[in-house]
Amino acid sequence: GLVDSSDSTEDRSNPTNTTVERKMQRLPSGEVVITPRNFKLLEELEHSEKGLGDMSISYGLVDSSDIFMGEWNGGILGPHGTQHDSRFYELRITIPEAYPSTPPKVRFVSKININCVDSKSGEVIYSKVPATKNWNRNMGMEQVLISLRAEMASSENRRTRQPQEGLTF
């Protein structure tokens, strides 16, 4: 539809207006659009809540009332036929301001012993995970979690002894 920009008023002296504008963009037509970050996150949230996509991974907001959608819980079911078989790994995903231009920050909460995860902090080492190493803005949390699950099944990690189940970083 057409948007009449002649009746749009901008009050620069109102501080709440500038806060809103940072999260939203006003097009030359006067139409207001949500920033790519929030639009993408809303899309991902809906995708996850509907249970679409890979059922061996999961992700959702830590706090459903968080309008900035900054903190997410992730989960990965360990691949069959590996040391990770039938284990459920819990992760914490932090969404940076520049998302989806930059990948989400991912950290394992559950103790895991694989070569792409820092053994002290549980932080994912971006350069060792295909999805984060070759990140592009069309990717999302699902691709990162799928990529991490694939790393668990890789020849370098599939037979690596794992910490006792239930331990956390």
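These questions and answers cover a helix, paired strands, a loop residue and salt bridges in a predicted model.

Residues are numbered from 1 along each chain as its sequence is written, and side-chain values use heavy atoms, without hydrogens or water. Because the model is predicted, local features need pLDDT of at least 70 and side-chain atom pairs pLDDT 80 or more, while totals for chains, interfaces and linings use all residues.

Q: What span does helix α4 reach from its first C-alpha to its last?
A: Helices (H or I, at least four residues) and strands (E, at least two) are DSSP runs, numbered from the N terminus. Helix α4 covers residues 141-152, twelve residues. The expected span, 1.5 Å times one less than the number of residues, is 16 Å here. The model's value is close to that, at 17 Å.

Q: Which strand of α4's packing partners has residues 105-108?
A: Buried means under 20% relative accessible area, exposed over 50%, partly exposed in between (1.4 Å probe, protein chains only). Buried residues of α4 include Val-144, Leu-145 and Leu-148. The buried residues of α4 pack against several elements, among them α2 (36-49), β3 (57-61) and, at 105-108, β6.

Q: Which residues of β6 point to one face and are buried?
A: In a regular strand the side chains alternate between the two faces of the sheet. Along β6, Lys-105 and Arg-107 point to the other face and are not buried. The buried ones are Val-106 and Phe-108.

Q: How many bridges join β4 to β5?
A: Two strands pair if DSSP finds at least two bridges between them. β4 and β5 run antiparallel. One bridge partner pair is Ile-76 with Tyr-89 in β5. The number of bridges joining β4 to β5 is seven.

Q: Is Thr-82 buried or exposed?
A: Thr-82 lies in the loop between β4 and β5. Leaving aside neighbours within four places in sequence, Thr-82 is in contact (heavy atoms within 4.5 Å) with Met-152, Ala-153 and Arg-158. Its relative accessibility is 11%, so Thr-82 counts as buried.

Q: Which residue forms a salt bridge with Arg-87?
A: A salt bridge is a side-chain nitrogen of Lys or Arg within 4 Å of a carboxyl oxygen of Asp or Glu. For Arg-87, the closest N and O atoms are 4.0 Å apart. The pair links the loop between β4 and β5 to the segment after α4, 78 residues apart. The partner is Glu-165.

Q: How many residues apart in sequence are the parts tied together by Lys-105 and Glu-123?
A: Their side chains meet in a salt bridge (3.5 Å, N to O). Lys-105 lies in strand β6 and Glu-123 in the loop between β6 and α3, so the pair ties together parts whose separation is 18 residues.
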